[in-house]
2 protein chains.
Amino acid sequence: MVSGNTIAEVARLIGDAARANMLAALMGGQALTAGELARHAGVSAQTTSGHLAKLTAAQLLAVEKQGRHRYFRLASSEVAQAIHALMSVAASGPKRHHPIGPRDAALRLARTCYDHMAGRLALALADSLVREGHVILADGAGIVTDAGRLFFRDFGIEVEGLRTRRPLCRTCLDWSERRPHIAGQLGAALLDKVLDRGWVARVPESRALRLTRAGESGFTATFRLPLDWKDPPLRLAP
Amino acid sequence: MVSGNTIAEVARLIGDAARANMLAALMGGQALTAGELARHAGVSAQTTSGHLAKLTAAQLLAVEKQGRHRYFRLASSEVAQAIHALMSVAASGPKRHHPIGPRDAALRLARTCYDHMAGRLALALADSLVREGHVILADGAGIVTDAGRLFFRDFGIEVEGLRTRRPLCRTCLDWSERRPHIAGQLGAALLDKVLDRGWVARVPESRALRLTRAGESGFTATFRLPLDWKDPPLRLAP
DNA sequence: CGAACAGTTCGGCCCCGGCCGAAACATCTG
DNA sequence: CAGATGTTTCGGCCGGGGCCGAACTGTTCG
């Protein structure tokens with residue numbers, strides 16, 4: 001039976017604590033196995049299996065079989081955007097006390113957000129790109145300048161090739177500092193590239209990104225980051 | 001009790017057919033009474049009252065009392081964006097057969113989408129603004145050019161005053177033609193202005209906008225619309 | 001004041017769906 | 001092959017929550 005989805009059906013699927021936890025875990029951008037998702041959700045393997053079947057049937061998740069594992073990922077960037085929008089609503093509701101543990105510190109510094117970077121590193125990069133005139137951000141939307149095209153080409157990213165329907169840059173505040181960073185196609189390409197160069201590395205079982213020694217110098221030199229970019233508050237440049 | 005919202009709680013609230021219908025009805029941007037929402041949702045007044053109490057408590061809706069009526073509206077643009085994102089996911093899932101009735105024709109031509117215009121009129125406007133060099137759209141995100149600032153100032157909109165965190169332009173496809181139109185702050189200001197000028201008028205009990213005689217000539221002259229902008233397919237300019 | 005109307009509260013029905021235990025199936029390993 | 005590990009299916013329990021009828025509050029109007 002191939003019935004269409006309604007908005008209520010989609011929201012209902014997300015509107016269960018266990019499933020929402022699974023989806024949130026997948027916002028890291030990596031494909032995860034059913035078992036990993038079960039741990040994230042805090043329910044048994046059987047229950048997880050049922051949830052994943054529903055999410056897959058509704059095409060919120062895509063699945064890839066690999067040996068005795070099944071790897072799940074978000075089915076589309078639309079799904080990621082919907083979850084992100086729900087996060088924004090949840091965060092803007094009645095204030096929730098948000099205790100920050102030690103492991104949050106790493107996440108605040110640098111992490112993945114579906115397919116691009118977030119955290120203070122991403123903010124520093126966005127600031128740098130704007131300051132150097134490579135990208136123009138207007139109210140959360142952004143475009144790449146001609147100078148920026150050259151800059152990104154030098155860096156190994158062909159901006160011309162990114163022309164699709166996905167926005168180049170999007171506001172993506174998450175539960176971190178509330179400022180826009182580079183998301184969309186360009187954000188995804190940037191993350192790809194810096195992972196490729198070994199400037200950051202994924203931390204297993206987490207959305208956190210670890211800054212490597214190569215990254216430490218690479219980011220600073222290439223993007224002319226200020227010396228204090230790791231410091232917490234980080235205001236906008238005047 | 002002031003507890004915080006989680007993403008699952010928010011999604012669960014939207015994930016009920018009756019409540020989703022109410023929220024969708026409010027995507028028109030106008031405040032509606034409890035009774036009107038009951039009719040939209042197709043449930044009794046008592047049931048509606050319960051739903052509205054929950055939505056209001058979670059700050060998805062804002063309410064204003066006026067005599068013996070209570071007017072409800074979406075509490076924030078974040079909520080509207082979340083619902084919109086869910087619509088996108090629902091639309092991109094397994095294809096739903098979408099029979100178009102005669103009343104849909106008016107909606108396809110011009111309608112409100114929360115706080116801005118949608119439909120073929122909005123697409124023609126977006127095309128015009130891009131063609132004339134007033135706005136640059138890059139992958140669904142957009143910025144206003146210097147020439148555009150002058151143009152909008154002549155039209156009675158101060159773009160400088162719109163600098164907030166909301167994007168100027170956003171992809172907003174809904175169930176109509178799948179192309180971006182002007183949303184965000186600029187889109188809201190545009191809708192305000194053309195309603196103010198009497199170029200379009202709200203159709204009661206509907207999201208549709210009626211094009212007036214003044215609008216017919218006003219839009220054509222001011223935005224240099226092509227003669228065939230009302231025609232269905234409407235491809236992108238080369 | 002009393003009738004009409006908008007909206008809410010209460011109580012009870014009922015069904016949907018999340019949960020787990022048990023067991024089956026699938027896949028890799030030794 | 002046997003055993004370990006990952007995943008699914010089945011069956012049954014049970015709680016939450018959507019629904020409406022009835023009754024109550026509050027507002028408008030004649």
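This is a short tour of the structure, stop by stop, with something to select at each one. Keep in mind that the model is predicted.

**Stop 1: chain A as a whole**

Select chain A. Its secondary structure comes to ten helices and nine strands. Of its 238 residues, 53% count as buried. Now turn on the surface. Chain A exposes about 11500 Å², and carbon and sulfur atoms supply 54% of that area. Contacts also reach across the sequence. Among those in chain A with a separation of 6 or more, 57% join residues 24 or more positions apart.

**Stop 2: helix α2 in chain A**

Select residues 17-26 of chain A, which form helix α2. Is this helix mostly covered or mostly open? It is mostly covered, with seven of its ten residues buried. Color the buried ones: Ala18(A), Arg19(A), Ala20(A), Met22(A), Leu23(A), Ala25(A) and Leu26(A). Then look at the start of α2(A). There, a side-chain oxygen of Asp16(A) comes to within 3.0 Å of the backbone nitrogen of Ala18(A).

**Stop 3: helix α2 in chain B**

Move to residues 17-26 of chain B. Seven of the ten residues in this helix are buried, so the rest of the structure largely encloses it. The buried residues of α2(B) are Ala18(B), Arg19(B), Ala20(B), Met22(B), Leu23(B), Ala25(B) and Leu26(B). Asp16(B) caps the N-terminal end of α2(B). One of its side-chain oxygens lies 3.0 Å from the backbone nitrogen of Ala18(B).

**Stop 4: strands in chain A**

Show chain A as a cartoon and find β3(A). Strand β1, residues 32-33, runs antiparallel to β3(A) and is joined to it by two bridges. Within this pairing, Leu32(A) has Phe72(A) as its bridge partner. Next select strand β2, residues 61-66. It pairs with β3(A) in the antiparallel sense over six bridges. Here Ala62(A) is matched with Arg73(A). Follow β2(A) into β3(A) through the hairpin. Two residues lie between the strands, and Gly67(A) takes a positive phi near 60 degrees.

**Stop 5: the sheet in chain B**

Switch to chain B. Three strands form an open antiparallel sheet in the order β1-β3-β2. Strands β1 (32-33) and β2 (61-66) stand at the edges with a single partner strand each, so one side of each has no neighbour in the sheet. Select β3(B), residues 69-74. Six bridges link it to β2(B), in the antiparallel sense. One pair to pick out is Lys65(B) with its bridge partner Arg70(B).

**Stop 6: the nonpolar core**

Hide the cartoon and show side chains. The largest nonpolar core has 66 residues. Which residues have the most contacts inside it? They are Leu60(A), Leu74(A), Leu86(A), Leu60(B), Leu74(B) and Leu86(B). Zoom in on Leu86(B). Beyond its neighbours within four places in sequence, Leu86(B) is in contact with Ile7(A), Val10(A), Ala11(A), Ile14(A), Ala82(A), Leu86(A) and Ile14(B).

**Stop 7: DNA strand C**

Select DNA strand C and the 21 residues around it. Those that come nearest are Gln46(A), His51(A), Lys54(A), Ser49(B) and Arg70(B). Of the strand's atoms within 4 Å of the protein, 73% belong to sugar and phosphate. Look for a base contact too: a polar side-chain atom of Gln46(A) lies 2.6 Å from a base nitrogen. His51(A) puts a polar side-chain atom 2.5 Å from a phosphate oxygen. Which element gives the most to the surface near DNA strand C? It is α4(A), with four residues.

**Stop 8: DNA strand D**

Now take DNA strand D, with 20 residues around it. Gly35(A), Arg70(A), Gln46(B), His51(B) and Lys54(B) come nearest. Sugar and phosphate make up 70% of the atoms of this strand within 4 Å of the protein. A side-chain N or O atom of Gln46(B) is 2.6 Å from a base nitrogen. Lys54(B) has a side-chain N or O atom 2.4 Å from a phosphate oxygen, and for Arg19(B) the corresponding distance to a phosphate oxygen is 3.0 Å. The largest share of the surface near DNA strand D comes from α4(B), with four residues.

**Last stop: a loop in chain B**

Finish at Asp115(B), in the loop between β4 (111-113) and β5 (116-118) of chain B. At 17% relative accessibility, Asp115(B) counts as buried. Its side chain makes a polar contact of 3.0 Å with that of His116(B).

Technical notes. Residues numbered from 1 in each chain as written. Chains lettered and ligands numbered in written order. Predicted model: local features only at pLDDT ≥ 70, side-chain atom pairs only at ≥ 80, totals over all residues. Heavy atoms only, no water. Pairing = 2+ DSSP bridges. Core = buried A, V, L, I, M, F, W, Y, C linked by side-chain atoms within 4.5 Å. Buried < 20%, exposed > 50% of the residue type's maximum accessible area, 1.4 Å probe, protein only. Contact = heavy atoms within 4.5 Å. Areas by Shrake-Rupley, 256 points an atom, 1.4 Å probe, with all protein chains shown as cover. Near = heavy atom within 4 Å. Polar contact = N/O pair within 3.5 Å; in protein donor to acceptor, adjacent residues only side chain to side chain.
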